[in-house]
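Here's a walk through the model, starting from one acidic side chain and working outwards. Have the coordinates open while you read.

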Amino acid sequence: MGLFRTIVKKMFLSNDTEDVNQHSALKLQSYEKASYQKTLAEIEDSFDLVQRSFFQEHIHIIYFDSLVDSQKLEWEILAPLRKTSVNNLEEFFQQSLCKPVYSQQEIINGLLDGYVAMFVGQDAYLINVSGLEERSITESATETVINGPHDSFNEAIKTNVSLIRRRVRSSRLRMVKLSVGEISKTKVLLIYIEGIADPHSVNDLKKRIQAIKIDSITDSNVLIQILDDHPNSPFPQFYTTERPDVAVAKLYDGKIIGLVDDSPNIFCTPSSFFDFFKSPDDYNQRWILGTGLRILRYIALILTLVFTAFYVSITTYHYEMVPQSLLQSIMQSRSKVPFPPLIEAIFLELVIELLREAGARLPTKIGQTIGIVGGIVIGQAAVEAGITSNILIIVVAVSAIASFVVPNYIMSSSIRMVRFLFIIMAGFLGNIGIVFTLGLLSIHLSGLTNLNSPYLMPISPTFFKDWLDSIVRGPFYKIKKQPVLSKKLQNEGEREN
Amino acid sequence: MKERLHSIQISILIYMIQNQIVLFSLPRLTAESYGTNGWLGLIFIYVLVNINIMLIAIIYKMGKGKSIFEIIETMIPKWVMLPVYLFIIGTWIGMASMVMKMYILIIKMFFFPGVPVTLFIVLITYLCFLLLKGGIYHISKASVLFFILTIWMIFLFIYLIPEFDFTRFTTFYLKGNTDFMIGSVHVYSAFLGFEISILFFHMVEKKWTKSIFIGNLMNMSIYCIITFLGYGFFSFNQLLNDIYPVITMLEYIEIPFLARVENLIFSFLAFRVILTIVIYYWGAQQICRNINSRLKPNYWMLIILTVGIFISLIPETLFDVEKWLDRISYFAIGIAWLLPLFVLCILYFQNLMNRGNSDAN
């Protein structure tokens, strides 16, 4: 038995990283010893719990039927146990993938991960036969591309890691395994490329995740809100994606990516505001087209924010700004509307938001119908009933379409929400109201950070060299491999070490 | 990473903090001060401003990056300097308040006659509060965004080129009923704001001083373009009789879907005005912190903003504000020249004493 323990220990220790060593060392210092009775008592009322005994109750095994692969269980444990005898157990252990476990907590965690717990006298072991059901790799529904790879992450962390590994065939790819949630014990995996990512940022992120005190997290989008430097900001600070190609591109940029078990979204840090305006399609076509698309998205950003507000401002306070040729049609269009432009605009913007939300929640086919009902029927009827003007419908529609040009859904939603503040301020103070809100927004954005890195990088602080792969999509021969700030941080880190 | 002000950020910050509220009357001011083709006078003022900046650069080099308070207080006790500090604080808060009030009164006079002044004061002060709360790094980061939000406006002046005529420049140079000295002070006040960079020393990356020159050059280019356009757009007498000739020029701009863009442009100028105000408040806050470092910076900030609001409420008419601004500008120009000269003298004596000590050893 002693020989077996040594072999398994060696196997176990040589497989993992420094983190695991530290982790195990800590556990060995203070643990509640694992035992069959305690384990049974702790999980007794589970309907999928299976307990079996062998060799006249000399060996007990416990597992959750719903978490194990029954074929693996048969091959790895049941069949070999049937073939062997109680005096010949060492042979069984040498053949199987079991690892000795000392603490009760480890046994429970293992069982919940789909392992089989085996108790032989006073000793306890975990054998990996997990076989969780998982969704197959499909195309991302929220981040579609015309050219380029079409696979996306799913909810299984192991599958997601394999999607990254097959793209980064480097021994410098590092993974730090963490766990979040007192009850949920959700696995979080931080991945980075050593030598490119800033070690300070890796440590900082690790500490932040370890410091989280929460019962459970259900998705990476929940985790990043806990990790945010500025949790009260309406803007997303961690970039999230479902696409492995994007995740890998971020790794090569010197960023850290985080995988959360049971979540198809990975998060990436440090992120900047401009990351949310990039699409993989930008890289898969000629750089001139890519640059054009990026500029189009920034125009869309401005349109979303201020177009409706500008309409409200002009029709409320600044009619002198409308050229004569346009004035007549605006006046004609507004002549039947009994409400001030502010009320009219807010009403229509709310209708658009209702339509969007209804379309998102309903099944696709009904969602399309809602679009038609909303867009054509309500729009036309509202104009005929004299509730809104034709021009405003055009303005609101352009503004809504522009908001959907932003590739990231969360960013697009944030911008749409901020737009209401612009409209209200334009209704009260006209152009100066818009400018005031723009000032407020600029001050807010420039104060944001993500993992202590400025949110408006590389515009502010200004690193012109990085503009080629953020503001525009420059030609590949001009794009630097690693962003200036990341390189700077890394150099500083190396110097300090 | 310890945050530092990058050179590009400093250039943009200096460009943005210079007192552009004067820009709208700059063609008239140069015409009154220097006469026909008075835009040439800007070059003279630009040279003076550069000399002033050079003094700051020399202090940075001689003081080896030490803050001016460190330099001053090694020779002169803080309590002796207190009246000087209080005078500078008063001047800078006054300058910020008057720039704010002037902007508000102009916008009220032209575009929002019905909106109460206090509402504008509260709004602008709130933005200043947000910026001051984040410190100079936040201010500098916001200045870059503000720069992007305002720089596009210069291209609107292209629409004025068809109206531009060289014959309006006349063949005479610097002729007319001019007031060179007082006029120069007025024009110089359009460049003010850069003097606060004397407080940046320990917050910047190395080799930053050329950034101040670049920022000033950017500002000068804008002033030159607009003033030059003004001389080709108006006749000399028209320039003398229009209080804000640049606003009048903007009224003539018409693009396919927008006309009378002057109120839009004037509104966007708020970004520059806010930065000018903030940087003066920030300068005052730094001196306050040096006087009493035990009081938290946020308390100083609140005190300064409150004082600023009260001062801005005193003068009621645009005429009064202009008079106040003129006087405070004299003091501010005095500080811009005398403070660096004073610090240079101290550095000179310190060097002499150090040399004496090393000789004695």
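Let's begin with Asp151(A), which is buried at a relative accessible area of 16%; buried means under 20% relative accessible area, exposed over 50%, and partly exposed in between (1.4 Å probe, protein chains only). Before going further, some ground rules: this is a predicted model, where local features need pLDDT of at least 70 and side-chain atom pairs count only at pLDDT 80 or more, while totals for chains, interfaces and linings use all residues. Residues are numbered from 1 along each chain as its sequence is written, chains are lettered from A and ligands numbered from 1 in the order in which they are written, and side-chain values use heavy atoms, with hydrogens and water left out.

**Salt bridges**

What does Asp151(A) form a salt bridge with? Its partner is Arg167(A), and the closest N and O atoms are 3.0 Å apart. A salt bridge here is a side-chain nitrogen of Lys or Arg within 4 Å of a carboxyl oxygen of Asp or Glu. The pair links distant parts of the chain, 16 residues apart: Arg167(A) sits in the loop between α7 (157-165) and β6 (173-180) of chain A, and Asp151(A) in the loop between β5 (123-128) and α7. Helices (H or I, at least four residues) and strands (E, at least two) are DSSP runs, numbered from the N terminus. Unlike its buried partner, Arg167(A) is partly exposed, with a relative accessible area of 23%.

Here is that pair beside two others from chain A.

| Pair | Closest N to O |
|---|---|
| Arg167(A) and Asp151(A) | 3.0 Å |
| Arg174(A) and Glu194(A) | 3.0 Å |
| Arg208(A) and Asp204(A) | 3.5 Å |

Take the Arg174(A) and Glu194(A) salt bridge. Arg174(A) lies in strand β6 and Glu194(A) in the loop between β7 (186-193) and α8 (199-210) of chain A, so the pair ties together parts that are 20 residues apart in sequence. Both ends are partly exposed: Arg174(A) has 29% relative accessibility, and Glu194(A) has a relative accessible area of 38%.

Arg208(A) and Asp204(A) are a local affair: being four residues apart in helix α8 of chain A, they are separated by about one helical turn. Asp204(A) is partly exposed, at a relative accessible area of 21%. Elsewhere, salt bridges with shared partners join Glu349(A), Glu353(A), Arg356(A), Glu357(A), Arg361(A), Arg416(A) and Arg419(A) into one network. Over all chains, the structure holds 22 salt bridges.

**An enclosed strand**

Now for β2 (residues 59-64) of chain A. Six of its six residues are buried, so this strand is largely enclosed by the rest of the structure. Ile59(A), Ile61(A) and Tyr63(A) point one way, while His60(A), Ile62(A) and Phe64(A) point the other.

Which strands flank it? Six bridges join β1 (residues 49-54) of chain A to β2(A), running antiparallel, and Ser53(A) stands opposite His60(A). Two strands pair if DSSP finds at least two bridges between them. β1(A) and β2(A) make a hairpin with four residues between them, and Phe55(A) in the turn has a positive phi of about 50°. Another four bridges join β2(A) to β4 (residues 115-120) of chain A, also antiparallel, with Val120(A) as the bridge partner of Ile59(A).

**A buried lysine**

Lys255(A) lies in the loop between α10 (244-252) and β9 (256-260) of chain A, and is buried at a relative accessible area of 11%. A polar atom of its side chain lies 3.4 Å from the backbone oxygen of Pro270(A). Leaving aside neighbours within four places in sequence, Lys255(A) has contacts (heavy atoms within 4.5 Å) that include Ile191(A), Tyr192(A), Cys268(A) and Asp275(A).

**The whole chain and its partner**

Chain A has 19 helices and 12 strands, and buried residues make up 51% of its 497 residues.

Chain B and chain A bury about 3100 Å² between them, 78% of it on carbon and sulfur atoms; buried area is the accessible area (1.4 Å probe) that two parts lose on being put together, summed over both. The contact takes 38 residues from chain B and 33 from chain A. Across this interface the rule finds zero salt bridges.

Note on methods
Polar contact = N/O pair within 3.5 Å; in protein donor to acceptor, adjacent residues only side chain to side chain.
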